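Reader: I would like a close look at one part of this protein, taken slowly and set in its surroundings. Please begin from the overall arrangement and then work inward.

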Amino acid sequence: MSSGYAFFRKVPAIFDKSMRRVISCFDVIFVLPYPFSDHPSFPEGILRKALELEGFRVGVIETPFWQKKESFEVLGKPKRFFAIISGPVDSVVLNYTSARKRRKEDLYQLNGKAYFHGYPPSIKYKIRPDRTVIVFTNRIKELFHDVPIVIGGLEAALRCFAHYDFQQDKIRRSILLDSRADILVTGMGEKQLVRIARILESGVSINDIILPGTARINNALPEKNGCVELPSFEAVLQDRTKLLEAHLMLEKALLEGKDIVQRHADRYVVQYPVENYNASDLDHIYDQCYTRMHLKGDSYSPALRMNLFSITSHRGCAGGCSFCSIGIHHGKKVISRSMGSIVKEIHSQTRHPQWKGYIADIGGATADMYGNDCKVEGCLKPSCLYPERCRIFSPGKRYMELLRECRKTRGVKKIFLGSGVRYDMLLNDPDLLEEILLYHSGRFLRIAPEHTEETVLNLMRKPSFNVLESFVRLFQSINQKLKRRIELAPYIIVGHPGEKQADVIEMKKKLTSLGLKATRVQIFTPTPGNLSTAMYYARCDSSLKPIPVEKEIVELIKRKKLLASPG
Ligand code: SF4
């Protein structure tokens with residue numbers, strides 16, 4: 001039995017006869033739509049550890065049968081708050097394909113099974129309901145109207161303001177209003193969660209908490225000077241371009257460290273500047289012991305199995321690609337752990353019963369950004385790499401040192417790079433590329449050019465096709481020198497805003513001319529909280545110039561098939 005359940009047994013609940021309700025001895029109760037993973041690559045693992053280190057007792061309700069509200073009261077009423085952990089992926093993204101078809105599997109459930117055992121495969125019985133945060137929060141509010149609810153994770157953070165919901169094909173208002181949650185935590189959020197628990201413990205009301213890295217609803221416009229007011233929800237509903245305008249303002253305001261406000265009728269969603277994390281914060285939390293298991297049984301979800309021996313070396317992404325929300329959620333600035341802390345984590349992995357000597361990944365959003373923690377304050381560029389690489393940003397060297405150090409660690413047979421590398425950065429770093437091909441690649445090296453046509457690449461904030469050509473030449477020369485037969489596996493998106501059918505025909509020719517097979521092609525899916533989604537909805541680029549946007553799924557599938565076809 002895992003330590004999570006041992007802890008559960010030590011902290012029983014008490015039945016309060018006068019209130020006819022179980023009063024939990026837990027300070028905080030986590031509720032999540034998938035099995036809890038006690039692993040530092042999963043937000044719930046990090047967040048529970050952070051609270052426990054500060055002396056708070058954490059209970060866990062995992063995969064509640066959400067059709068019945070009683071499923072949410074099995075641990076009683078927490079002393080401080082409920083925390084709805086939506087996890088690292090939005091529920092709509094996990095539940096639907098780019099063709100709006102319902103997915104039958106969920107990587108985060110045990111053995112990938114998406115439906116409650118013994119029930120028909122209908123949306124009513126999906127373990128992870130659509131827009132999980134709203135469903136769970138509303139259920140808990142029905143039972144415990146007087147207990148604060150904190151929401152967090154990607155789904156909550158990227159739906160903080162008015163956003164486009166692809167599955168419903170409409171603009172939705174802030175998740176704070178639909179869920180009626182008291183406070184929303186942005187980013188990974190371990191510092192904020194501990195602070196909220198401390199403040200509530202001191203007797204302050206949840207309504208009076210104002211903290212960096214959180215958002216909440218206000219009844220009036222904050223008086224503070226210098227806050228940025230986004231176009232209101234009503235304005236976004238009326239004018240498609242306002243979503244784009246709001247996203248660009250949000251991106252800038254996050255970099256400026258300002259409060260961000262959006263009016264919804266007579267109320268205001270207020271997001272405070274991001275919480276600052278540094279290398280020691282990361283070392284502290286990742287240095288703790290994690291069982292790397294679920295709380296019960298010894299089976300694994302596919303997501304945990306894939307990440308069982310993965311290591312997060314840093315947070316943040318400096319790339320600023322338009323279709324990605326990592327920069328908005330975790331920040332543009334890279335924050336790296338120390339090498340010592342990473343090596344220590346490898347040592348702890350070697351004691352896991354499943355350890356065979358293979359590490360699936362050491363990285364973050366982009367592995368070779370490790371160690372590029374920029375100290376410049378007040379930089380307002382949305383990307384350190386686009387349109388050209390900032391001279392201060394020189395990735396590669398520290399990551400190479402890290403890999404060398406980790407390779408020397410006793411018990412390690414091979415380290416793979418599951419999180420992928422930026423090929424445009426590797427172009428300036430042939431030594432790192434050589435070491436990756438020698439020691440860290442399987443049959444394929446994954447790269448993500450995403451497209452080949454300049455108009456689309458510019459809209460994506462990705463490097464020009466010339467850069468890909470130069471990289472392929474460098475890769476081939478090193479591959480030959482090493483006598484390896486590694487192939488490049490390019491990741492391609494079709495149907496990104498701005499793409500025309502002719503672009504895909506041209507892309508096919510260009511990839512073929514470089515000897516690249518497009519085996520990993522994805523149809524663009526508009527997800528909340530990124531620039532590409534705002535362009536998709538507005539049918540404009542960021543200067544509000546109209547661009548083509550293909551929405552017909554039949555045509556998009558045709559484009560995908562064309563790219564994937566041989567020859
Ligand atoms: S100064 Fe350069 S490296 Fe630093 S955040 Fe700005 S663009 Fe990135």
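How far apart do the C-alpha centres of domain 1 and domain 2 lie, and what does the strand β3 look like within its sheet?

Author: The model is a predicted one, and its chain is assigned a domain 1, covering residues 3-271, and a domain 2, covering residues 443-567. The C-alpha centres of domain 1 and domain 2 lie 34 Å apart. Where the domains touch, the contact takes 15 residues from domain 1 and 17 residues from domain 2. On the side of domain 1 that touches domain 2, β7 (163-165) and α9 each supply at least two residues, and the largest share of that side, five residues, comes from α9.

From there one can turn to the sheet that holds β3. This is an open sheet of nine strands with mixed pairing, and its order is β4-β3-β5-β6-β9-β10-β13-β12-β11. Its edge strands are β4 (58-62) and β11 (228-230), each of which pairs on one side only. Taken on average and with direction ignored, neighbouring strands of this sheet are turned by 25° against each other. As general background, the strands of a sheet pair through backbone hydrogen bonds, and they may do so in a parallel or an antiparallel way.

The strand β3 itself, residues 28-32, is mostly covered, since five of its five residues are buried; a residue counts as buried if 20 or more other C-beta atoms lie within 10 Å of its own. In a regular strand the side chains alternate between the two faces of the sheet. In β3 both faces are covered: V28, F30 and L32 are buried on one side, and I29 and V31 are buried on the other.

The partners of β3 can be taken in turn. Five bridges join β3 to β4, and these two strands run parallel; within that pairing, the bridge partner of V31 in β4 is I61. To pass from β3 to β4 the chain goes through α2, and this β-α-β crossover is right-handed. On the pairing with β5, four bridges join β3 to that strand, again with a parallel run, and here the bridge partner of V31 in β5 is I84. V31 thus has one bridge partner in β4, namely I61, and one in β5, namely I84.

The helix of that crossover also belongs to the surroundings of the strand. Helix α2 (residues 43-53) lies across β3, β4 and β5 (81-85), and runs at about 180° to β3.

Some of these residues return when the nonpolar interior is considered. The largest nonpolar core has 136 residues, and the members that touch the most other members are V28, F30, A83, I84, V150, L184 and L193. This core draws at least three residues from each of domain 1 and domain 2. L193 offers a view of how such a member is placed: leaving aside its neighbours within four places in sequence, L193 is in contact with L47, A50, L51, A83, V150 and V185.

At the other edge of the nine-stranded sheet, three bridges join β11 to β12 (residues 260-264), and these strands run parallel, with V228 standing opposite I260 in β12. Helix α9 (residues 241-256) lies across β11 and β12 and runs at about 155° to β11. This is the helix that gives five residues to the side of domain 1 that touches domain 2.

A further sheet may be set beside this one. Three strands form an open sheet in the order β20-β21-β22, with parallel pairing, and its edge strands are β20 (444-450) and β22 (520-523), each pairing on one side only. Neighbouring strands of this sheet are turned by 20° against each other on average, direction ignored. Five bridges join β20 to β21 (residues 487-494), which run parallel, and the bridge partner of E450 in β21 is I492.

Finally, some details of the backbone deserve a careful look. In the loop between α3 (91-95) and α4 (132-143) lies R100, a residue other than glycine whose phi has a positive value near 60°. R100 counts as partly exposed because it has 13 C-beta neighbours inside 10 Å. R131 is found in the loop between α3 and α4 as well, and its phi is also positive, near 50°, but R131 is buried, because 22 other C-beta atoms lie within 10 Å. Elsewhere, a cis peptide bond with omega of about 0° joins Y386 and P387, and P387 is found in the loop between β18 (361-363) and α14 (397-407).

Methods:
Residues numbered from 1 in each chain as written. Predicted model: local features only at pLDDT ≥ 70, side-chain atom pairs only at ≥ 80, totals over all residues. Buried ≥ 20, exposed ≤ 12 C-beta atoms within 10 Å, placed from the backbone. Pairing = 2+ DSSP bridges. Axes fitted to C-alpha atoms, helices over the stretch in contact; angles between N-to-C directions. Contact = placed C-beta atoms within 7 Å. Core = buried A, V, L, I, M, F, W, Y, C linked by C-beta atoms within 7 Å. Domains from an automatic or database assignment. Right-handed = clockwise from strand over helix to strand, strands pointing away.
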